[in-house]
Amino acid sequence: MAGAASASSPPPTPKSPKLQPPLLERAKGPSGLDKIVLRDPRGFTAEVRLYGGQVTSWKKDHGDELLFVSNKAIFKSPGAIRGGIPICFPQFGTHGNLEKHGFARNRLWSIDDNPPPLPVNTAIKTFADLILKPSEEDLKIWPHSFEFRLRVALGPKGDLLVTSRIRNTNADGRPFSFTFAYHTYFSVSDISEVRIEGLETLDYFDNLQDKKRYTEQGDAIVFESEVDKIYLDAPPKIAIIDHEKKRTFVLRKDGLPDAVVWNPWDKKSKTIPDFGDEEYKQMLCVEPAAVEKPITLKPGEEWKGRLELSAVPSSYYSGQLDPDKVLHG
Ligand code: TA6
């Protein structure tokens, strides 16, 4: 079954009526595919689909949807779901011989009945565990045996916590290398009202310029045209400030040195079949990733990559809050 804190941590005490056992519900998606709905008693929810192991919804306090999912998204094979948090593994983009962004995002994952323990955070009451192992077909295109364990959790303040653990289970002693990204689609009010802080002055590969390397020169990153950049050695905390919504997403990452930023803008949007022509205005991808330096695992070794998202009311729009407080506080 999907993991639940009630199975691995003490039962709630009568003094803490808020800390009741979580509700984890298996539900059907638009195309009849299973998803797990996480409902934290404190009023936060998230959804993770077995198809792609993909988070497709995150809401705090019964409020707005915080992740973007296209109105034209297709929730079934063979493509990936356009929105939420697609997982790019074992290859990010076209940096290798596999299909773009690897195959994990368009495989059917299973519920992980028996995940090895993660460090206990007793404040986390609601989580789901999924697992992906390669099929015979997968082994033909990427000849490595692995166990990919994914935990999706809701933190005490409604933060969305996503942890990936990938283990090399090759029986013949061979190591393997992979690149990776949480291809996170954030929902924004209007892309022209959004800026990113934390990536200024970094080096990046520009996918729109033959992947050439440049150094970011400007102040905060704003959007006026198509952007597709891989920032290298990005800091562990990045802020996405939505002036119109007066909301800041704070993204914390661990084990993932790079950060990809993508918005297709108007022309490119029209070429993406499962994406509305105008939807680029309501989304922004900021993607914790390991691209420049692939991760190598020997048999028996495990890698862990973690993403933590919070959405907080923002006073950045008035220019009153020192960005350092969010990024370094
Ligand atoms: O992460 C950015 C990117 O690699 C872009 O180049 C862009 O094409 C995007 O991913 C979406 O890729 P997809 O295969 O999901 O259409």
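## Two cysteines and a ligand site

The sulfur of C285 lies 9.3 Å from the closest cysteine sulfur, which belongs to C88, and this is too far for a bond. A disulfide is a pair of cysteine sulfur atoms within 2.5 Å, and in this predicted model a search of the whole structure finds zero disulfides. C88 is accordingly in no disulfide, the nearest cysteine sulfur being that of C285. C88 is buried, with a relative accessible area of 0%, and C285 is likewise buried, with a relative accessible area of 0%.

We now turn to the ligand. The space that the ligand takes up is the second largest pocket, and the residues around the ligand are R82, F92, K100, H101, R105, H183, D228, V260, W262 and E287. When the residues of this shell are divided by character, three are nonpolar, two are polar and five are charged.

Which side chains place a polar atom 3.0 Å or 2.8 Å from an oxygen atom of the ligand? Among them are the three residues in the table, each listed with the distance from a polar atom (N or O) of its side chain to a ligand oxygen atom.

| Residue | Distance to a ligand oxygen atom |
|---|---|
| R82 | 3.0 Å |
| H101 | 3.0 Å |
| R105 | 2.8 Å |

Beyond these contacts of R82, H101 and R105, the cover that the protein as a whole gives to the ligand can also be stated: on its own the ligand has 390 Å² of accessible area, and the protein covers 86% of this area.

Methods. Residues are numbered from 1 along each chain as its sequence is written. This is a predicted model: local features need pLDDT of at least 70, side-chain atom pairs count only at pLDDT 80 or more; totals for chains, interfaces and linings use all residues. Side-chain values use heavy atoms; hydrogens and water are left out. A residue is near a molecule or strand if one of its heavy atoms lies within 4 Å of it. A polar contact is a pair of N or O atoms within 3.5 Å; within protein, one must be able to donate a hydrogen and the other to accept it, and residues adjacent in sequence count only if both atoms are side-chain atoms. Accessible areas come from the Shrake-Rupley method with a 1.4 Å probe; for residues, only the protein chains shown count as cover. On a 1 Å grid over the protein atoms alone, a cavity is a set of points where a 1.4 Å probe fits but cannot get out, and a pocket is an open set with protein on both sides within 12 Å along at least five of seven lines; lining residues have an atom within 4 Å of a point. A molecule sits in a cavity or pocket if more than half of its atoms lie within 2 Å of its grid points. Ala, Val, Leu, Ile, Met, Phe, Trp, Tyr, Cys and Pro count as nonpolar, Asp, Glu, Lys and Arg as charged, and the others, Gly among them, as polar. Buried means under 20% relative accessible area, exposed over 50%, partly exposed in between (1.4 Å probe, protein chains only).
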